[in-house]
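Reader: I've just opened this one and would like a quick walk through it. Can we take it piece by piece?

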Amino acid sequence: MEYKGLGLCVFSFVLSALNHVHGDLDYTVLEEMKGGSVIGNIAKDLGLTLDVLSARKARIETEENERRYCDVNLRSGELIVSERIDREEQCGEKPSCVLKFELLLESPLELHRVSLQIQDINDNAPSFPTDRIKLEIRESADKGARYRVDAAHDEDTGQNGVQTYTLKRNDHFLFNIQTSSDGTKFGELVLEKELDREEQKEIKLLLSALDGGSPQRSGTLAIDVTVLDDNDNAPVFSQAVYEASLPENTAIRTPVITVSASDADEGVNGEVTYGLGRVSEKSRKLFSLDRQTGEIFVADDIDFEEGSKYEIIVQAKDGFGISSDAKLIVRITDVNDNSPVIALKSLSNPVPENASPGTEVGIINVQDRDSEKNRKVRCSLQQHVPFKLIPSIKNYYSLVTTEKLDRELVSEYNITITAIDEGSPPLSSVKVVHISVADVNDNPPVFEEQSYSSYVPENNKPGHSLCSIKAHDPDWKQNGTVIYSLLPGEVNGAPVSSYLSVNGDTGMIHSVRSFDYEQFRSFKVYVMARDNGSPPLSSNVTVSVFITDANDNTPQILYPAPEGNSFMTELVPKAAQGGSLVSKVIAVDGDSGQNAWLSYQIIKSTDPGLFKIDLHSGEIRTQRDISDSDNMKQNIVVSVKDNGQPSLSATCSMFLLISDNLAEVPELKDMAYEDSSSKLTSYLIIALVSVSTFFLTFIIIILGLRFCRRRKPRLLFDGAVAIPSSYLPPNYADVDGTGTLRSAYNYDAYLTTGSRTSDFKFVTPYNDNTLPADQTLRKNPTDFEEVFGDLDVSPEVRQFHCTNF
């Protein structure tokens with residue numbers, strides 16, 4: 001988008017801005033007033049309060065290079081003298097002296113023209129061009145003859161100017177004031193009594209000029225009159241008024257004009273010389289006169305802007321001092337020698353970035369000291385900036401925004417203002433205005449990620465660093481300072497602050513406690529990033545915390561029961577072939593993943609080459625066919641190890657009997673009792689103490705048991721057979737491929753009652769690789785009561801269908 005800030009800067013009132021121009025404020029002040037003297041009350045005259053006057057930055061503006069003679073006291077609202085004013089310096093001999101200023105108010109831009117009438121005081125005495133003049137008069141001069149004398153000059157005006165002349169009393173002359181056709185005043189000595197050189201060769205006269213001021217001031221001129229024998233002709237100029245025109249900046253020694261006067265007398269009486277009569281100091285500095293030829297030259301640099309017209313009185317005098325005057329008017333023409341001057345009158349810097357389009361940022365004033373078309377100026381801005389110039393009042397422009405600013409995109413601008421006049425050739429000037437954009441809290445913090453995830457190992461130490469979150473705020477200083485905090489919430493019923501903490505400055509998240517993977521595996525928290533602006537802005541982000549498993553749980557063997565808890569015996573038929581399923585070790589691990597991958601290994605065996613265990617399923621099988629030479633009693637110790645680092649393990653023992661019938665192993669009972677005795681030591685001690693009392697009772701029980709065995713083969717031994725589902729710890733599940741509870745096994749179970757031990761027979765395994773022969777385990781009667789109920793019922797066979805996973 002292009003921004004065109006081109007405006008016509010013609011130094012006249014712009015019609016579109018007339019509503020901003022208000023009436024003149026007229027004030028009168030005496031010249032030579034001290035600084036701080038009160039001229040008038042601006043606030044009262046404009047009907048503004050002091051607060052408004054101060055807020056709108058009321059001030060007096062002058063053109064470039066002009067002195068500021070008055071100012072506005074914002075505390076009192078008064079217009080005061082800021083610098084001594086000399087009326088004669090400002091206005092010269094003009095009867096009225098008015099200084100014009102501009103009173104400028106901002107927001108909105110408002111301009112008042114201030115006219116300051118400077119009243120004259122009698123601070124200057126009348127003065128003659130010289131303190132003494134000489135006149136040579138022929139004694140034959142007639143009565144009433146007139147001789148010109150330059151009038152006195154008083155820089156004051158009106159009543160304070162020259163009012164009267166007095167000539168010191170003498171016998172021969174009077175003094176009269178005359179006015180020429182061009183308005184110039186001069187004096188004349190009038191001969192009232194004829195002269196007689198023999199009586200008096202020289203006459204001394206004293207002429208005084210008096211002003212009308214109070215107190216009255218005066219100036220004097222001494223006139224020396226010499227009486228001559230004969231000289232009756234004065235020089236006569238060829239023109240009463242000479243005019244010349246010069247362009248400004250004319251080179252020094254350039255001829256301006258040549259004046260000419262003639263005298264009818266002969267000889268010395270007819271020789272004419274030229275000189276400057278009454279002339280201002282400025283004119284005397286700028287021009288010089290050749291006394292013999294009457295040619296006038298440029299003596300110094302001429303500037304149209306300092307003066308466009310000069311009046312010079314030229315005198316022509318003959319050899320005996322008789323003189324006459326002529327006026328020379330020199331007009332200076334303008335040359336385009338002044339470039340436009342760009343002045344920054346007001347600037348609101350920095351500009352808030354939320355400033356609405358059209359907001360006035362600054363006030364620009366453009367001046368060109370040249371005249372006419374050389375004074376007309378066009379102003380423009382460079383393109384591609386969100387600003388433009390709007391012509392306002394007279395030679396003022398408002399610098400305004402054209403769209404909303406964004407400090408985060410552009411924080412500062414260097415605006416180039418170009419002013420070109422319409423002279424030939426045109427002159428131009430450039431001014432660069434630096435504008436900064438002030439930050440406004442208009443951007444909330446933005447996180448680098450839409451969400452954050454952190455993985456922390458369980459059993460971490462409190463204070464462990466989880467992750468670092470980072471949010472950026474493009475605003476400036478405190479508006480861009482980000483502070484982090486946890487939003488309130490709960491994790492497992494506890495405040496989130498009891499689990500995590502966040503560093504408010506860095507965004508680093510730390511743990512407050514140690515985590516347990518088996519308790520919970522993940523949770524979410526919300527973190528807020530808030531800036532420090534007013535009002536503050538914030539944004540939230542989700543942080544997901546995932547607890548990774550550590551190998552901190554040893555495998556738990558469900559079947560068979562770990563060593564020391566129960567005595568386990570399995571029956572292996574003598575006809576078992578290689579690869580036959582003998583039993584299975586079932587274990588679980590509270591960990592997950594590879595930490596829960598279990599592997600099985602036989603670490604101790606009576607006959608190492610007889611049995612093997614599947615590495616992953618825990619199934620125990622025969623490696624070869626059973627032979628008669630194999631030991632009937634086999635003891636196997638199985639190690640269950642997980643896959644963690646470092647790995648953890650557990651062991652269990654299993655007794656295997658190679659026999660087709662349990663009756664063939666009479667010593668098995670003793671083995672069972674030996675194992676049982678290890679568990680019931682305390683009861684045996686009590687039994688020994690009371691053996692005499694219960695001896696008869698034990699004999700009767702033993703006889704009854706033996707009688708039952710002869711009637712039916714004993715099928716069960718002490719040990720755990722069924723594994724009810726209540727044995728499995730909660731939350732354990734078989735995961736295929738982990739080696740825990742891989743296969744399903746189905747059995748038909750037959751139980752008998754009424755004997756000291758209950759029999760459990762595996763009749764039909766549903767797995768093709770199970771043993772074809774019977775397997776018999778033994779369990780204490782009290783244990784079977786817990787599982788199957790009261791065993792003291794009629795000796796009928798109860799059939800159960802059991803499934804083990």
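Author: Sure, let's begin with a charged pair: the side chains of K204 and D224 meet in a salt bridge, with N and O 3.4 Å apart. A salt bridge here is a side-chain nitrogen of Lys or Arg within 4 Å of a carboxyl oxygen of Asp or Glu. Before we go on, this is a predicted model, where local features need pLDDT of at least 70, side-chain atom pairs count only at pLDDT 80 or more, and totals for chains, interfaces and linings use all residues. Residues are numbered from 1 along each chain as its sequence is written, and side-chain values use heavy atoms, leaving out hydrogens and water.

Reader: Which strands hold K204 and D224, and how many residues apart are they?

Author: Helices (H or I, at least four residues) and strands (E, at least two) are DSSP runs, numbered from the N terminus. K204 is in strand β14, residues 202-211, and D224 is in strand β15, residues 218-228. The pair links distant parts of the chain, and the separation is 20 residues.

Reader: Is D224 buried or exposed?

Author: Buried means under 20% relative accessible area, exposed over 50%, and partly exposed in between, using a 1.4 Å probe and protein chains only. K204 has 57% relative accessibility, so K204 counts as exposed. D224 has a relative accessible area of 12%, so the answer for D224 is buried.

Reader: What sits in the loop between β14 and β15?

Author: That loop contains P215. The peptide bond leading into this proline comes from S214 and is cis, with omega near 0 degrees. So the name to look for in the loop between β14 and β15 is P215.

Reader: Which residue does S424 join through a cis peptide bond?

Author: Look in the loop between β31 (412-421) and β32 (428-438), where a proline lies. Omega for the bond from S424 is about -5 degrees, and the partner is P425.

Reader: Which residue forms a salt bridge with R84?

Author: R84 lies in the loop between β6 (78-81) and α3 (87-91), and the partner is in the loop between β2 (21-30) and β3 (38-41), 52 residues apart. R84 counts as partly exposed because its relative accessibility is 44%. The closest N and O atoms are 2.6 Å apart, and the partner is E32.

Reader: What is phi of E32 near?

Author: E32 has a relative accessible area of 26%, so E32 is partly exposed. Its phi is positive, in a residue other than glycine, at near 65 degrees.

Reader: Where does N492 lie?

Author: N492 is another non-glycine residue with a positive phi, near 55 degrees. N492 counts as exposed because its relative accessibility is 54%. The place to look is the loop between β38 (490-491) and β39 (494-495).

Reader: How far apart are the closest N and O atoms of D607 and R624?

Author: D607 lies in the loop between β48 (599-605) and β49 (611-613), and R624 in the loop between β50 (619-622) and β51 (633-641), so the pair ties together parts 17 residues apart in sequence. R624 is partly exposed, at 30% relative accessible area. The two form a salt bridge, and the N and O separation is 3.1 Å.

Reader: How many salt bridges does the structure hold?

Author: Some share partners: R59, E61, E106 and K345 are joined into one network that way. The count for the structure is 19.
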